[in-house]
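Let's take a walk through this one together, one region at a time. Have the model open in your viewer and follow along.

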Amino acid sequence: MAITSVKNLKEFSTANDRFEGAHTLCPGCAHSMIVRELMNCTDDNLVVTTNTGCLEVSTAVYPFTSWDTSWMHIGFENAASAAGGAEAMYKARKKKGTLKDNDAPVKFVAFGGDGSTFDIGFQWLSGAFERGHDFTYICLDNENYANTGGQRSSATPIGATTSTAQAGTHSYGKKEKKKDIVAIMAAHGAPYVAQLAPNKWKSMAKGFQKALETEGPCFINTVSPCCTEWRFDPKDTINITDLATDSLMFPIYEIIDGHELNILYRPKNVIPVEEYLAAQGRYKHLFKPEYRHVIDQIQKDVDEYWEMLQRREEARV
Amino acid sequence: MQDLKLCAQDNRGIHELEAGKDLMGWDEVTQGSVLPSFEGDASNIVHLKQEERCYSDFNSYTATVASWRVKKPVFNIDVCIDCQNCWVWCPDTSIISRDKQMLGIDYDHCKGCEVCVEVCPTNPKSLLMFAEQEELETALSQWPEKKKKEK
Ligand SMILES: Cc1ncc(C[n+]2csc(CCOP(=O)(O)OP(=O)(O)O)c2C)c(N)n1
Ligand code: SF4
Ligand code: SF4
Ligand code: SF4
Ligand SMILES: [Mg+2]
């Protein structure tokens, strides 16, 4: 695989972008930061599929496309099946020698939002992983169905207000905890699974490269702060991501072959989750005295999860 | 220095995003539409800089979202240390970086989100927001001095 050097940002910046501007994602949207980084970290040909969601509707506004690679959209839920199908066809044609260029390296990548990954496209995703297609699935996790106006998904954390789990006098927002998609995908026995964040550009680029290089189905959950639904100023996308990773709301780690866990980022100063929550409008109501217990609950969950990750890393099982 | 005639391809930003009135409507195209991103052979795209590529009229590179902006980032090359923070985090592929050097902003695709200003580490910043209608020279003449560290 022809990888771009990510030794430092200067070297990385010599990559020629294959994701073009004048897409219609909101100003400051993290989806495009993540997609740009994926496309810039390799020189290989890419076949990209995308589930319905903000990324898909905003980068294929007829008659325009923002993709400088082969790109395909079919439905909300089936980017994983589409990537798997394309990969199976590629393998078969390669064997028969009927490709235009039999030696050109090709990588298969599927993008999905959290709604299409955690919920509606989960069956398709799980199936493609069970069949073992050689592709990388990247979830752009903004913790809600952003493209349709911010409904709750199973990725929405407890306490966030969404259009279908609204905070008010009788509710603190979503009642249920976030689904642990990383553990679920690791349990498929996938060779490479990780959770990465755009503020830590180097670990993200390295994780992407690892996933692309690894044979078999790889899954990466990326934190994708959504200024519109999380309610923060677009200029703060990277600042919010910093708060997310430094409060350990989004720990950065990888799981190899379903069991070998490595923590990829240890904040020097872990900040209280309160600081992360306070920076976003979707958690504003939690700072009322009657909902204070939800913040305590979130902090407790985050501490326990971090403890668990560290133990698993140490145990190497 | 701000007025970068970056030998960018002539067709950058030629379309309004609402364009396509002369193209087929959604109910006229065959189900499953294919938009070629480039004219001719596209196999070597990854090794070509944007200004060396043959974009087709379907590529959003030829469209502009400049009208989304109310404020614009202005670049001051005299303070820049070429760290490339702005390049890696710009969500709109609007930082023009060539051979490890930050050269300027692609105002056809920049939406004015201000992320680049936030992540710029220099003191004073090498990127600052100004009103869209501000002349670049005027903006540069108003650049703040280095800020003293607060104790
Ligand atoms: C089967 C199906 N159900 C619902 C929709 C409507 N729909 C389109 S985009 C979207 C939200 C996508 O949310 P997510 O996957 O999290 O991506 P995001 O927009 O947040 O990036 C929904 C519900 C659809 N297109 N197809
Ligand atoms: S709604 Fe959120 S995810 Fe969708 S384009 Fe806007 S910022 Fe990005
Ligand atoms: S304001 Fe936003 S879109 Fe414009 S160059 Fe800066 S980061 Fe890119
Ligand atoms: S972030 Fe600032 S210093 Fe770094 S390359 Fe951009 S303009 Fe220059
Ligand atoms: Mg989402």
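**A walk through the model**

Start with Ala211(A), which is buried, with a relative accessible area of just 1%. Keep in mind as you look around that this is a predicted model. Ala211(A) belongs to helix 8 of chain A, which covers residues 201-213. Now find Ile298(A): it sits 87 residues from Ala211(A) in sequence, and the two C-alpha atoms are 31 Å apart in space.

From there, turn to strand 1 of chain A, residues 45-50. Five of its six residues are buried, so the strand is largely enclosed by the rest of the structure. Who are its partners? Strand 1 of chain A runs parallel to strand 3 (residues 106-113) of chain A, and six bridges join the two. If you want a landmark for that pairing, look for Thr49(A), whose bridge partner in strand 3 is Ala110(A). Strand 1 of chain A also runs parallel to strand 2 (residues 70-72) of chain A, this time with three bridges. Here the landmark is Val48(A), which has Trp71(A) as its bridge partner in strand 2.

Back up a little from strand 3 and you come to the loop that lies between helix 4 (79-96) and strand 3 of chain A, where Asp101(A) has its place. Is Asp101(A) buried or partly exposed? With a relative accessible area of 44%, Asp101(A) counts as partly exposed. A polar atom of the Asp101(A) side chain lies 3.1 Å from the backbone nitrogen of Asp103(A).

Now for the metal. Which residues supply the protein donors of the magnesium ion, ligand 5? They are Asp114(A) through OD, Asn142(A) through OD1 and Asn144(A) through O, at 2.0 to 2.1 Å from the ion. Along the chain, these donors follow the spacing D-x27-N-x1-N. Asp114(A) lies in helix 5 (residues 114-120) of chain A, while Asn144(A) is in the loop between strand 4 (136-141) and helix 7 (181-186) of chain A, so the pair ties together parts that are 30 residues apart in sequence. Asp114(A) is buried, at 0% relative accessible area. Asn144(A) counts as buried too, with 5% relative accessibility; the cut-off for that label is under 20%.

Asn144(A) shows up again around ligand 1. There are 16 residues around this ligand, and the ones that come nearest are His31(A), Cys54(A), Gly115(A), Asn144(A) and Ala146(A). Helix 5 of chain A gives the most to this shell, with three residues. Some polar atoms are worth picking out here. In the side chain of His31(A), an N or O atom is 2.8 Å from an oxygen atom of ligand 1. Backbone atoms take part as well: an N or O atom of the Ser116(A) backbone lies 3.0 Å from an oxygen atom of the ligand, and for a backbone N or O atom of Ala146(A) the distance to a ligand oxygen is 2.9 Å. On its own, ligand 1 has 590 Å² of accessible area, and the protein covers 75% of that. Sorted by class, the shell around ligand 1 has ten polar, four nonpolar and two charged residues.

Next up is ligand 2. Its surroundings include His31(A), Cys54(A) and Ala146(A), along with Asn142(A). Also around ligand 2 are Leu25(A), Cys26(A), Cys29(A), Cys226(A), Cys227(A) and Thr228(A). How does this shell divide by class? Seven of its residues are nonpolar, three are polar and none is charged.

Further along chain A, there's a hairpin to look at. Strand 7 (residues 253-256) and strand 8 (residues 260-263) of chain A pair in the antiparallel sense over four bridges. Three residues lie between the two strands, and Asp257(A) in the turn has a positive phi of about 50°. Across the pairing, Glu254(A) stands opposite Asn262(A) in strand 8 of chain A.

Finally, switch to chain B. Its secondary structure comes to three helices and six strands, in the order β-β-β-α-β-β-α-β-α along the sequence. Of the 151 residues in chain B, 50% are buried. For a last stop, find Glu118(B) in helix 2 (residues 115-119) of chain B. Glu118(B) is partly exposed, with 28% relative accessible area. Its C-alpha atom is separated by 8.7 Å from that of Cys86(B), which is 32 residues away along the chain.

Terms used: Residues are numbered from 1 along each chain as its sequence is written. Chains are lettered from A and ligands numbered from 1 in the order in which they are written. This is a predicted model: local features need pLDDT of at least 70, side-chain atom pairs count only at pLDDT 80 or more; totals for chains, interfaces and linings use all residues. Side-chain values use heavy atoms; hydrogens and water are left out. Two strands pair if DSSP finds at least two bridges between them. Donors are N, O and S atoms within 2.8 Å of the metal (3.2 Å for Na, K and Ca); water is not among the atoms, so sites may look incomplete. Buried means under 20% relative accessible area, exposed over 50%, partly exposed in between (1.4 Å probe, protein chains only). A residue is near a molecule or strand if one of its heavy atoms lies within 4 Å of it. A polar contact is a pair of N or O atoms within 3.5 Å; within protein, one must be able to donate a hydrogen and the other to accept it, and residues adjacent in sequence count only if both atoms are side-chain atoms. Accessible areas come from the Shrake-Rupley method with a 1.4 Å probe; for residues, only the protein chains shown count as cover. Ala, Val, Leu, Ile, Met, Phe, Trp, Tyr, Cys and Pro count as nonpolar, Asp, Glu, Lys and Arg as charged, and the others, Gly among them, as polar.
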